Amino acid sequence: MILICSYPKYRPEKNNLEEDTAFDCLTKTNLLRLCEWKKVSQDIISQKYGRTTMKQQCEDKCPRMARRTFLKSASIIALALCLSITTAGSGIFTGTSMAAQPNKRPNFLLIVADDMGYSDLGSYGGEIKTPVLDNLAQQGMRYTDFYVSPTCSVTRSMLLSGTDNHVAGLGNMGELNAPNQMGKPGYEGVLNKRVATVASLLQDNGYHTYMAGKWHLGLKPDQIPRARGFERDFSLLVGGGSHFDSQWNIEWQIPKAPYTEDGRPVKKLPKDFYSTKNYTDKTIQFIEEGKNDGKPFFAYMAFTAPHGPLQVPDDWLRRYKNRYDEGWDTIRNQRLARMQELGIVDKGVNTADRLFFLPRASQLAIGARKIQGRKMEIYASMVEYMDDQIGRVFDYLKKIGEYDNTVVIFFSDNGAEGNDLRGMIAGRPGTAGYMHAVANFAENGHNSIGRRGTYAEYGPAWAQVGMTPFRLYKGWVSEGGTRSPLIVSGPGVQGAGELNKEAVLHVMDIAPTILELAGIEHPSTYKGREITPMQGKSWTGMLAGRTQSPRTSDDWLGWELFGNRAIRQGDWKISLLYEPFGTYNWQLFNLAEDPGEQYDLSGKFSEKKKDLIALWDEYVEMNGVIIGERSPFEGARKALPTAVPEYDNYPPVRGMEAIPHKKLMELIKQ
Ligand SMILES: [Ca+2]
């Protein structure tokens, strides 16, 4: 609607604004958009209308709602921007492409990392080399308070539908539905038909739609990417597996990880397959093969890096050799200091303590510390490799002249992985899961970590580093499970290199944002069936610099997964977590002062807590939340040690304490 009404009315070749028709169909959204777009035509408007005349035009011809909105909230700023700014480059758009090509709708490149930490990127304080994404951050905006769900498929359901996971079919991960959730609406375990994907809506409205990477939203023919709006795809349908060509799935129930290409099963992966590289190749291939018909594209790059197993091509194995020998405490402190320098974290606020069951790194036997560090080396290589490949896509888009017309959105689907995923999947010795894990991921010697056939994860201590300064990691509705870095860049994005700390954003905002930028209304029915409205809030006003956040301090967000629950409103958050990380009662935190969620303020602010609990009840009602009668975290307290062993050189490593130090170093560095 927006584009039909406003953009096409400006004909650059005629240097003419067909203002009457444009004003006739103004809505709240496109009125503001028209003002952005006036940057293109401001000279023409200035010549034809004075400031007062412009306002009069609106009052005469805009619908009532649009006029009220315009006059109340946008008139002074928008009119000033639209009509009086004449210096090129000082207006709403810092990018040039929208201005240069007003009739052309933007491309979208949506890049999602898998289980990547909040503080990994250089632009978020990490020591991992990520020059491509850091450069993207310099061109666009970074946001500190962007939220996802604690796990993969759950986040992806909200990303593609624009609504809450309990509505979209992933009320729980399909693999972990509790008996009382099975068969209930919102607990289909796949992206259900109550929603239309952003890809479907874009595809139906003249976009090419491409996907490469992890799907995790359904395996059946009517559930796969091809059936949910992707014209072309190369997809891993399940949640994770070998990054190489073996197709070893992490789940025994489907031992061979299923991939599809353009909707058809992939029989065999190429010998030199490595997930991150091949997903990049496919993305470039799809764009290349579709580029000549003038249609814009939506490309979804759903990397499986750096999800476990930690694996990289051999020539990347030693890229961070010995970089993490000092252990997690040193690296975490260094990250925190850099985050404070960058402004990501305020100085003086409370950050999360090292979890009670984790040892100080300095307490570890040197061999144990280095072996733990080796895992972090591989993880860092995976992240840098991904960054490098993203750079290939950017270079390609620049080569074909599409980069400046592409909105790029980058984030991670959930917090860093600190759980023992392999253990969770494998289960007890003798079970099918255990046999599958042993048979397929058995080789795990110190010098084989990261190679094909191995299954290494870096564990909770490094995951805490990844989620500096927050509490916990993937799987939990604490900040450590649900915060992600977010970079947005491209046409229409103001504020090159800036950091927005005001906005409270959510992954379900992305679909409405993309649809609005593409000028597409979200329908109430899709292919004859009713679909639910999107709950996400569009960022277009924020991206254009008109507002700091799409949410007011009264707006709130809710989470529930595996029985853990949370509500955030303004700076306040309540959460209820299984023991030992929570008390299984509601706790209250002030995130502005305590982003690490260390101090329960329930006693001091009991009324606030009560207010937020009422919002939780509203959240349950609104989304049909059913608390599972079984949770993978209900036994967390028993599964964890109650304290850290209090002795040095812990734990002994294969008799290494008897090996002279110099020889030990040689062995480990081989
Ligand atoms: Ca994930």
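Okay, let's start in the middle of things, with one alanine. Ala518 touches Arg105, Leu202, Asn205 and Tyr207, and that's leaving out residues up to four places away in sequence. Before I go on, please keep in mind that this is a predicted model.

So where does Ala518 sit? It's in helix α18, which covers residues 510-518. And is Ala518 buried or exposed? It has 22 other C-beta atoms within 10 Å, and the cut-off for buried is 20 or more, so Ala518 counts as buried. Here's another way to look at its surroundings: Lys104 is 414 residues away from Ala518 along the chain, yet the two C-alpha atoms are separated by 9.6 Å.

Now compare that with another alanine, Ala503. You'll find Ala503 in the loop between β12, residues 498-500, and β13, residues 505-506. Ala503 has 19 other C-beta atoms within 10 Å, and because buried starts at 20, it comes out as partly exposed. What does Ala503 contact, once we set aside neighbours within four places in sequence? The list is Tyr143, Asp145, Met542, Gln548, Ser549 and Pro550. Take Ser549 from that list: Ala503 and Ser549 are 46 residues apart in sequence, with their C-alpha atoms 4.1 Å apart in space.

Let me zoom out for a second. The chain has 670 residues, and 53% of them count as buried. In terms of elements, we have 22 helices and 19 strands. And if you take contacts between residues at least 6 apart in sequence, 74% of those join residues at least 24 apart.

Next up, a helix that's well covered. In α8, residues 152-161, ten of the ten residues are buried. That run includes Cys152, Arg156 and Ser161. What covers them? The cover includes α9 (165-168), α10 (198-204), β16 (556-561) and α18, and α18 is the helix where we met Ala518. Just after α8 there's Gly162, which takes a positive phi of about 80°.

β16 takes us to the sheet. Four strands make an open sheet in the order β16-β17-β18-β19, with antiparallel pairing. β16 and β19 are the edge strands, each pairing on one side only. On average, neighbouring strands here are turned by 15° against each other, ignoring direction. There's also a helix packed on this sheet: α20, residues 606-623, touches β16, β17, β18 and β19, and its direction makes about 115° with that of β17.

Let's walk along the strands themselves. β17 is residues 564-569, and five bridges join it to β18, antiparallel. Within that pairing, Ile567 has Ile574 in β18 as its bridge partner, and Gln569 stands opposite Trp572. β17 and β18 form a hairpin with two residues between the strands, and in that hairpin Gly570 takes a positive phi near 60°.

On its other pairing, β18 meets β19, residues 587-590, over four bridges, again in the antiparallel sense. There, Ser575 has Gln587 in β19 as its bridge partner. How many of the residues in β18 are buried? Four of its five, so the strand, residues 572-576, is mostly covered.

Last stop: two helix pairs. In general, two packed helices are described by the angle between their axes and the distance between the axes.

The pair I'll take first is α11, residues 275-290, with α13, residues 366-399. Their axes come within 10 Å and cross at roughly 10°. Angles under 35 degrees count as roughly parallel, so that's what we call α11 and α13. At the contact, Thr276, Lys277, Thr280, Thr283 and Ile284 in α11 meet Tyr385, Met386, Gln389, Arg392, Val393 and Tyr396 in α13. Sort those residues by type and you get five nonpolar, four polar and two charged.

The other pair is α12, residues 328-342, with α16, residues 459-466. Here the axes are 9 Å apart and the packing angle is about 10°, which means α12 is roughly parallel to α16. From α12 we have Trp328, Ile331, Arg332 and Arg335, and they meet Ala461, Trp462, Gln464 and Val465 in α16. That contact divides into five nonpolar residues, one polar and two charged.

And that's my tour. Thanks, everyone!

Note on methods. Residues numbered from 1 in each chain as written. Predicted model: local features only at pLDDT ≥ 70, side-chain atom pairs only at ≥ 80, totals over all residues. Buried ≥ 20, exposed ≤ 12 C-beta atoms within 10 Å, placed from the backbone. Pairing = 2+ DSSP bridges. Contact = placed C-beta atoms within 7 Å. Axes fitted to C-alpha atoms, helices over the stretch in contact; angles between N-to-C directions. Parallel < 35°, antiparallel > 145°, perpendicular 65-115°, else oblique. Nonpolar A, V, L, I, M, F, W, Y, C, P; charged D, E, K, R; others polar.
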